[in-house]
Amino acid sequence: MSTAAASKSEAKRYNNFIGGEWVAPSTGNYAPNRSPANIDDIVGEYPSSAAKDANEAVAAAKAAFPEWSGMPGPARGRILWKAVEIFRQRIDEIARCLCREEGKTLAESKGEINKGIALFEFYSGEGFRLHGKTLPSEMKQTFTYTLRQPMGVVALITPWNFPFAIPAWKTAPALITGNTVVMKPASNTPGTATLIAEVLQQAGLPKGVFNLVTGPGGAVGNTLVDHPEVRAISFTGSNEIGVALNVRAAKRGVKVTAEMGGKNPVVVLDDADLELAVPGILNGAFGSTGQRCTATSRVVVQKGVAPQVIERLVAGAKKLKVGNGLETGIDMGPAVDESQLKTDLDYIEIGKGEGAKLLCGGKRLQEGALAKGYYFEPAVFTGVKPGMRLHQEEIFGPVISVVEVGDFEEALHAANHVDFGLSASIYTRDANTAMKFVERSEVGMVHVNNPTVGGEAQLPFGGWKSTGVGEREMAEEGAEFFTQLKTVFFDYTGAVRTTKNY
Ligand code: NAP
């Protein structure tokens, strides 16, 4: 088996994966993939590809489609299952790469990979269950039913914050339903995506069924979005890019699913168990450096418990050990890059300017080895009001905004008062209030006495309002996106159909 690595220089050089081969980019250019934890640590050099490479990948995927889509679903599933076994064997190596290139801790990296493996497990079984439905016809002796068939070549465009799980939750359903894939990962995290391609090759996926092209979103991404052979696009990332991509794809009538930003609230009512609520908020807000689409960024707290909640959040934030996630004992890694660090720092000034009170954190950390990375002190703001930018806009960093409210109705209003609608959580001991929150919360995923984060392979994942466009990801729904329905009328009368036998 050939491998992704192309040279043995100090920083290994990797290539695109096209038509089952590791291919140098047409530009001849490679970009160093530097760790945000230590910019001297180069994970590898990855192709800065161009439109030509994306076009070649689509051509390879198109050529592979007839054979792959013609293979029975269970047989496709067995190849995905083989990949599950290899991912498990290689988990330490993949986790190390993920940790180095994205910055989350090694434990968080392994957690993410296990979640992605569960998605491959789930979808390998779906190969047995790609069902349509049978329905009675209005006509005599006519068998009417539906079939789910693959779209053809599909493009997967993924963000950096879950470099394993998001490619997994798009690739596995796309493949099991018989599509062939071209994936473009985020430029910050090409390493994990390259290892996924290696494992799929090792698992025996036929040539051209999965193709990987790394490089800038503009050149590679736009080529895929505009390509006439690409029949569906699954995107996760920012609203800015996702909305523009959707408009572009709509011009040629192509199906898109776009999962975008979040601004997720936790509501803490006076009757909440604070022993549950506070650790849940700290985990949701500061886990993965706050760089999760489902991260907790707003805490809507009832006045009776606000002083205790705030005090404990500040104490918890101050206790976190920030550093290189490869080291043991580290709770929180760096921002993913300089630009995200700048965004985090900018929002501290924006919050202060709006009149919110910064109780802790909010500075760049640069002591000793930290000077080599993009480290940021976890921050807690109080005195936040629903109209403020701090309350409305996605920061995507470890910053909590606390909003104090008088009662449940006010809490619900504050929680819903944003454009985004990904996830929300409530901490209360009152089941009636919890159910009212579940019913009236304007989000795609609600948690009760549980942090805002998380998803499971068998459960639909995605958001309402400006967070999500298109179908849900994961679960059966995630596979449906990659199929198109065909309705079949099978007439077995053997007679000419007239209005009499209708
Ligand atoms: P991003 O900047 O929008 O990038 C996402 C992907 O789009 C990257 O692969 C990027 O490539 C590519 N891209 C850039 N320009 C493009 C173009 N013109 N055409 C096609 N593709 C293009 O997002 P990000 O910073 O990587 O990710 C963070 C965002 O993702 C946050 O807003 C977060 O909330 C969201 N997110 C949402 C979910 C969810 O399920 N709702 C899950 C995770 C993350 P380059 O890297 O080369 O620019």
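**Exercise 1. A475 and N449**

Find the helix that holds A475, then work out what its phi looks like and whether the residue is buried or exposed.

*Solution.* Start with location: A475 sits in helix α15, which covers residues 475–480. Keep in mind that this is a predicted model. Next, check the backbone: A475 has a positive phi, near 60°, and is not a glycine. That's worth a second look, because most residues other than glycine have a negative phi. Last step, accessibility: the cut-off for buried is under 20% relative accessible area, so A475, at 1%, is buried.

Now try N449 in the same way: where does it lie, and what is its phi?

*Solution.* N449 belongs to the loop between β23 (445–448) and β24 (464–465). Its phi is positive too, about 55°, and again there's no glycine to blame. For accessibility, N449 comes out at 33%, so it counts as partly exposed.

**Exercise 2. Two asparagines, N15 and N16**

Place N15 and N16 in the secondary structure, and find which side chain each one meets in a polar contact.

*Solution.* Take N16 to begin with. It is in strand β3, residues 16–18. Its relative accessibility is 0%, so it counts as buried. Its side chain makes a polar contact of 2.8 Å with the side chain of S49. Leaving out residues up to four places away in sequence, N16 touches a list that includes W22, P47, S49, D53 and L212.

Over to N15, which lies in the loop between β2 (13–14) and β3. With 8% relative accessibility, N15 is buried. The partner here is Y30: the two side chains are joined by a polar contact of 2.6 Å. To see how the chain folds back, look at L212: N15 and L212 are 197 residues apart in sequence, yet their C-alpha atoms are 9.0 Å apart.

**Exercise 3. Salt bridges**

How many salt bridges does a search of the whole structure find? Pick out a few and describe how accessible their members are.

*Solution.* The total is 24. As a reminder of the principle, side chains of opposite charge can pair when their charged atoms come close.

Step one: E93 and R90 form a salt bridge at 2.9 Å, N to O. E93 is partly exposed at 38%, whereas R90 is buried at 14%. Don't stop at the pair, though: R90, E93 and E198 are linked in a network of salt bridges.

Step two: E126 and R129 form a salt bridge at 2.8 Å, N to O. E126 is buried at 5%, while R129 is partly exposed at 42%.

Step three: E377 and K363 meet at 3.9 Å, N to O. The cut-off is within 4 Å, so this pair still counts as a salt bridge. The two residues come from distant parts of the chain, 14 residues apart: E377 is in the loop between β18 (375–376) and β19 (379–382), and K363 is in the loop between β16 (357–360) and β17 (364–365). E377 is partly exposed at 25%, and K363 is exposed at 53%.

**Exercise 4. Where the two domains meet**

Describe the interface of domain 1 and domain 2: which residues are in each domain, how many are in contact, and how much area is buried?

*Solution.* Begin with the division. Domain 1 takes in 16–260 plus 467–487, and domain 2 spans 264–448. Their centres, taken over C-alpha atoms, are 31 Å apart.

Now count contacts: 23 residues of domain 1 are in contact with 26 residues of domain 2. For size, the usual yardstick is the accessible area lost when the parts come together. Here the domains bury about 2,000 Å² between them, with 57% of it on carbon and sulfur atoms.

Then look for specific pairs. The interface has one salt bridge and nine residue pairs in polar contact, both residues at pLDDT 80 or more. On the domain 1 side, β6 (38–47), α3 (91–102) and α4 (106–126) each supply at least two residues that touch domain 2. Of the elements on that side, α3 gives the most, with four residues. Sorted by type, the domain 1 side has eight nonpolar, seven polar and eight charged residues.

Key:
Residues are numbered from 1 along each chain as its sequence is written. This is a predicted model: local features need pLDDT of at least 70, side-chain atom pairs count only at pLDDT 80 or more; totals for chains, interfaces and linings use all residues. Side-chain values use heavy atoms; hydrogens and water are left out. Domain bounds come from an automatic or database domain assignment. Contact means heavy atoms within 4.5 Å. Buried area is the accessible area (1.4 Å probe) that two parts lose on being put together, summed over both. A salt bridge is a side-chain nitrogen of Lys or Arg within 4 Å of a carboxyl oxygen of Asp or Glu. A polar contact is a pair of N or O atoms within 3.5 Å; within protein, one must be able to donate a hydrogen and the other to accept it, and residues adjacent in sequence count only if both atoms are side-chain atoms. Ala, Val, Leu, Ile, Met, Phe, Trp, Tyr, Cys and Pro count as nonpolar, Asp, Glu, Lys and Arg as charged, and the others, Gly among them, as polar. Buried means under 20% relative accessible area, exposed over 50%, partly exposed in between (1.4 Å probe, protein chains only).
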